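Me: Got a minute to walk through this one with me? I'd like to start with how the helices pack and then look at the cores.

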Amino acid sequence: MSEQTAAVSVLGLGPMGQAMVRAFLEAGVEVTVWNRSTAKVDAMVALGAKRADTVAEALDANQVSVLSLTHYDAMYDVLGQAVDHLPGKVIANLSSDSPAKARAGAKWVRERGAEFLSGGVMSAGDNITHPSSYIFYSGPKDVFDAHADLLRPLSPQEYLGVDDGLAQVFYQALLVTFHPWMLALDQAMALIANSGHDIDKFVPFAVRSAGAYPFFIEQFAEANKTSGFADLSALKMMDAGAQHIIDASEEVGVDAAFSHLAQSYWRKAAAASEATGKPVSAFSLFRGKDV
């Protein structure tokens, strides 16, 4: 960055966008904000941000604009209001969407004269200052390098490569694990509660057991470099274990549909292994290979 005061525009003031504005302001970055609803703009202006009444004003205010929107379709709606203000600008879209939509969005922005970076924000909710929070970036390396310092207050950065969709590949892959985990945790706590026990008593054990997750991640990663975890006896053991979870849940009126789904994959893998005469893993089923 130059010796001039660092400055950026933020378009989209949902919980994540507001967290980004606060992080920029706390780092001494001058922030111009735009949002469809003015109440959120008012709240950020009260913290020290500058108001943009239109998308064009937000784009004109600074070279770099950060987008924090629901999806990439919203980007077209927002930037489409001021396409003639895009030439020479840099758009860092930190919204969530599919890799293909990120690539299409990057092409759309560049065709209108602006540079583009894609990002995926891995954070503890909207707590972008949490020690585990960081942001994936992808797109042209020279564009990332030129603006990395400006964007650094948002969270630690992980630049992945030039493919505009790559940040979303890694971001969505991690959400693949996070969404089922959230549902599984709710089911686990429902089992505790419906069994007449204290959730608070359960929590330390849940936290303790999570310490083993890195071990399983590394073990599965090693197996999945080839054909995956596919020992037939182990698959049948996982099937039986899933049934125990289902029984324990349903005995106290807890919906076990999620566990039935998990069990179905163990059963599919075991059945495919028996049918083909060779080990077939759930990993292979997900990939649609070796079945």
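**Helix packing and cores**

Reply: Sure. Keep in mind this is a predicted model. Helix 10 (residues 232-251) and helix 11 (residues 257-276) pack at an angle of about 155°, and their axes are 9 Å apart.

Me: Are helix 10 and helix 11 roughly parallel or roughly antiparallel?

Reply: Roughly antiparallel, because angles over 145 degrees count that way. The crossing of helix 10 past helix 11 is left-handed.

Me: Which residues make the contact?

Reply: On helix 10, they include Leu235, Met238, Asp239, Ala242, Gln243 and Ile246. Helix 11 brings in, among them, Ser259, Gln263, Trp266, Ala270 and Glu274.

Me: And by class, what's in that contact?

Reply: Nine nonpolar, five polar and five charged residues.

Me: Is Gln263 buried or exposed?

Reply: Buried, because its relative accessibility is 3%. Gln263 sits in helix 11 and touches Asp239, Ala242, Gln243 and Ile246, leaving aside residues up to four places away in sequence.

Me: Okay, switching to the cores. How many residues are in the largest nonpolar core?

Reply: There are 32, and Phe24, Val31, Val66 and Leu154 have the most contacts inside it. Helix 1 (residues 15-26) gives the most to this core, with six residues.

Me: What does Val66 touch?

Reply: Not counting residues up to four places away in sequence, the list includes Val8, Val10, Leu11, Met20, Phe24, Leu94 and Leu151. Ser9 and Ala92 are on it too.

Me: And which residues are in the second core?

Reply: That one is separate and has 23 residues, including Trp34, Ile91, Trp108 and Val109.

Key
Residues are numbered from 1 along each chain as its sequence is written. This is a predicted model: local features need pLDDT of at least 70, side-chain atom pairs count only at pLDDT 80 or more; totals for chains, interfaces and linings use all residues. Side-chain values use heavy atoms; hydrogens and water are left out. Axes are lines fitted to C-alpha atoms, for helices over the stretch in contact, and angles run from 0 to 180 degrees between N-to-C directions. Helices (H or I, at least four residues) and strands (E, at least two) are DSSP runs, numbered from the N terminus. Angles under 35 degrees count as roughly parallel, over 145 as roughly antiparallel, 65 to 115 as roughly perpendicular and the rest as oblique. A crossing is left-handed if the near helix is turned anticlockwise from the far one by less than a right angle, and right-handed if clockwise. Contact means heavy atoms within 4.5 Å. Ala, Val, Leu, Ile, Met, Phe, Trp, Tyr, Cys and Pro count as nonpolar, Asp, Glu, Lys and Arg as charged, and the others, Gly among them, as polar. A nonpolar core is a set of buried Ala, Val, Leu, Ile, Met, Phe, Trp, Tyr and Cys residues joined through side-chain atoms within 4.5 Å. Buried means under 20% relative accessible area, exposed over 50%, partly exposed in between (1.4 Å probe, protein chains only).
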